[in-house]
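Here are my notes for someone opening this model for the first time. Have it on screen while you read, and go through the points in order.

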Amino acid sequence: MVTTRKPTPTSLMLRRMTATAVLDALRSGGPMTGSDLINATGLARPTVHEICNDLIRLGWIREMENRRPRGDTRRGRPARCYEFLSRAGYVLGIDATDRVAVHLADLRGDRVAGADEPLRHVSVPAAERLAAVRRVIDSVLSTAAVDPTHVLAVGVGVPTPVDGQGRPVGREAYLPGLPGRDVGSELGGRHGWPVLVDNDANLAALGERWRGVAAGVDDLVVMVADERLGSGLFLGGRPIRGHAGGAGELRFLELIERVGSTYGIAYLVRTLGAEAVAELRSDEEVDERGRILFERSGGDPARVGTETVLEAARAGDKLAIEIVDRVSDRTAHVIAALAGMLNPELVVISGAVADAGDLFLDRIRQRLLPDLIDLPPRVSMSSLGNEAVVIGAVRIALDHVESRLMSGSDPSSWTGAPPRSGAPR
């Protein structure tokens with residue numbers, strides 16, 4: 001007879017679990033006593049105080065001065081009280097897609113400082129992209145008066161799949177100089193920072209689950225939909241990246257009827273708007289259907305931006321509304337294709353176009369049923385807008401720092417700890 005034993009947690013696993021529980025409890029609120037932490041974590045008193053002593057030595061928390069609640073006149077030693085030091089260290093989150101955006105965040109993930117710089121276009125040479133990243137990083141650290149040695153990890157989003165070694169892959173013609181490049185070493189080498197590189201849509205999905213409309217959703221597609229379409233996937237609460245990081249890539253849309261490309265919502269709205277204005281301009285009399293769009297662009301196709309068309313649609317311009325209808329129909333076909341394969345609970349449309357939910361959401365939802373799919377997902381616009389990628393980048397940097405913190409049973413072996421002195425609180 002063959003018997004099997006259930007695996008038991010090792011001492012290292014237990015150490016990580018208990019330390020994580022204490023750290024999460026302290027980070028989620030204000031100062032807590034040992035009794036508060038026992039109630040919050042279910043751990044024994046000696047374990048709580050042992051973990052807190054370790055975290056104090058590492059510089060993550062401090063023991064506050066002994067104090068009693070107001071009116072408490074009992075004799076005896078007051079309870080020990082601990083406080084999380086959110087600014088004992090920092091992480092950087094970076095969006096390096098069609099712009100460079102950098103957030104400096106504390107150990108709670110809250111933004112301390114940030115800046116961004118536009119790129120000429122998404123396909124700039126890699127050297128130009130990385131030079132812009134370095135400039136914005138230096139600017140942000142200078143503005144916040146944070147020494148580079150206090151940065152514990154960096155997360156970076158790029159507009160292409162990333163392999164298991166953290167190197168971008170994809171088409172050289174689309175991203176010259178970026179595929180195969182060791183971006184992490186180039187950005188982190190100056191200061192010895194660990195750098196985590198991931199696809200922008202994957203980070204957008206992580207950001208949405210952390211601080212966006214997808215909190216608590218385990219089966220999720222986040223569709224970055226500005227210039228080009230990409231998707232980040234979570235199934236069963238786990239990120240799906242695929243064999244070479246290419247899960248969620250959408251070139252197959254070129255084969256889908258009434259889709260035919262990976263152009264994003266912002267690109268299509270702008271392009272169709274410019275074409276419409278060019279046609280109106282060639283007429284002897286401007287079509288009343290497009291008069292608002294024509295006037296807001298000054299009759300110049302080169303002056304038509306995505307917002308030009310969207311604002312004209314909000315003002316009742318029939319031609320602009322037709323463009324919104326066309327793009328909504330196409331987006332519904334994209335969502336139906338993804339939902340048919342993955343059956344997500346929620347699809348989030350992310351990027352700068354997330355502000356246009358008043359124009360797109362109802363149109364997309366109406367097109368999904370009943371013609372396109374029998375089990376349509378919920379569809380929402382991102383609450384993070386074009387910050388979803390950089391917020392997801394902050395999250396992977398924090399995850400890395402915390403995993404290193406919990407990497408050994410002996411606190412002296414915990415790497416990635418904040419500076420023990422000189423760091424502002």
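1. How many residues apart in helix α12 are aspartate 399 and arginine 395, and what does that separation come to in helical turns? They are four residues apart in α12 (residues 388-405), so about one helical turn separates them. Their side chains meet in a salt bridge, at 2.9 Å from N to O. Bear in mind that this is a predicted model.

2. Now look at how covered the two partners are. Arginine 395 is buried, because its relative accessible area is 14%, under the 20% cut-off. Aspartate 399, at 35%, is partly exposed. The pair also belongs to something wider: Asp24, Arg27, Arg395, Asp399 and Glu402 are linked in a network of salt bridges.

3. Stepping back for the overall picture, the chain has twelve helices and 13 strands. It runs to 425 residues, and buried residues make up 50% of them. If you take contacts between residues at least 6 apart in sequence, 66% join residues at least 24 apart.

4. On to charges elsewhere. Side chains of opposite charge can pair when their charged atoms come close. Searching the whole structure turns up 31 salt bridges. One of them joins the side chains of aspartate 110 and arginine 211, with 3.1 Å between N and O. This pair ties together distant parts of the chain, 101 residues apart: aspartate 110 sits in the loop between β5 (99-105) and β6 (111-118), while arginine 211 is in helix α6 (residues 200-211). Aspartate 110 has a relative accessibility of 32%, so it counts as partly exposed. Arginine 211 is partly exposed too, with a relative accessible area of 36%.

5. Another salt bridge worth clicking on is between the side chains of aspartate 325 and arginine 363, at 2.6 Å from N to O. Here the link goes from helix to helix, with aspartate 325 in α10 and arginine 363 in α11 (residues 357-372), 38 residues apart. Aspartate 325 has a relative accessible area of 26%, which means that it is partly exposed.

6. While you are at α10, have a look at its neighbour. Two packed helices are described by the angle between their axes and the distance between the axes. For α9 (residues 306-314) and α10 (residues 318-342), the angle is about 115° and the axes are 7 Å apart. That is why α9 can be called roughly perpendicular to α10. Their crossing is left-handed.

7. What makes the contact between α9 and α10? From α9 come Val309, Leu310, Ala312 and Ala313, and from α10 come Ala320, Ile321, Ile323 and Val324. Sorted by class, that gives eight nonpolar residues, no polar ones and no charged ones.

8. Helix α9 also packs against α7 (residues 265-282), where the axes come within 8 Å and cross at roughly 75°. That angle makes α7 roughly perpendicular to α9. On the α7 side the contact uses Ala266, Val269, Arg270 and Gly273, and on the α9 side Thr306, Val309 and Leu310. The class make-up here is four nonpolar, two polar and one charged. Note that Val309 and Leu310 appear in the contact with α7 and also in the contact with α10.

9. Is serine 380 buried or exposed? Its relative accessibility is 17%, so serine 380 counts as buried. You will find it in strand β13 (residues 378-381). Leaving aside residues up to four places away in sequence, serine 380 touches Val213, Leu346, Val347, Val348, Ile349 and Leu361. Between the C-alpha atoms of serine 380 and valine 222 there are 9.6 Å in space, though the two are 158 residues apart in sequence.

10. Last, two backbone spots to check. Most residues other than glycine have a negative phi, and most peptide bonds are trans. Alanine 145 has a positive phi, near 55°. It lies in the loop between α4 (126-144) and β7 (151-158), and with 65% relative accessibility it counts as exposed. Asparagine 343 has a positive phi as well, near 50°, and belongs to the loop between α10 and β12 (346-350).

Technical notes. Residues numbered from 1 in each chain as written. Predicted model: local features only at pLDDT ≥ 70, side-chain atom pairs only at ≥ 80, totals over all residues. Heavy atoms only, no water. Axes fitted to C-alpha atoms, helices over the stretch in contact; angles between N-to-C directions. Helix = DSSP H or I, 4+ residues; strand = E, 2+ residues; numbered from the N terminus. Parallel < 35°, antiparallel > 145°, perpendicular 65-115°, else oblique. Left-handed = near helix turned anticlockwise from the far one by under 90°. Contact = heavy atoms within 4.5 Å. Nonpolar A, V, L, I, M, F, W, Y, C, P; charged D, E, K, R; others polar. Salt bridge = Lys/Arg side-chain N within 4 Å of Asp/Glu carboxyl O. Buried < 20%, exposed > 50% of the residue type's maximum accessible area, 1.4 Å probe, protein only.
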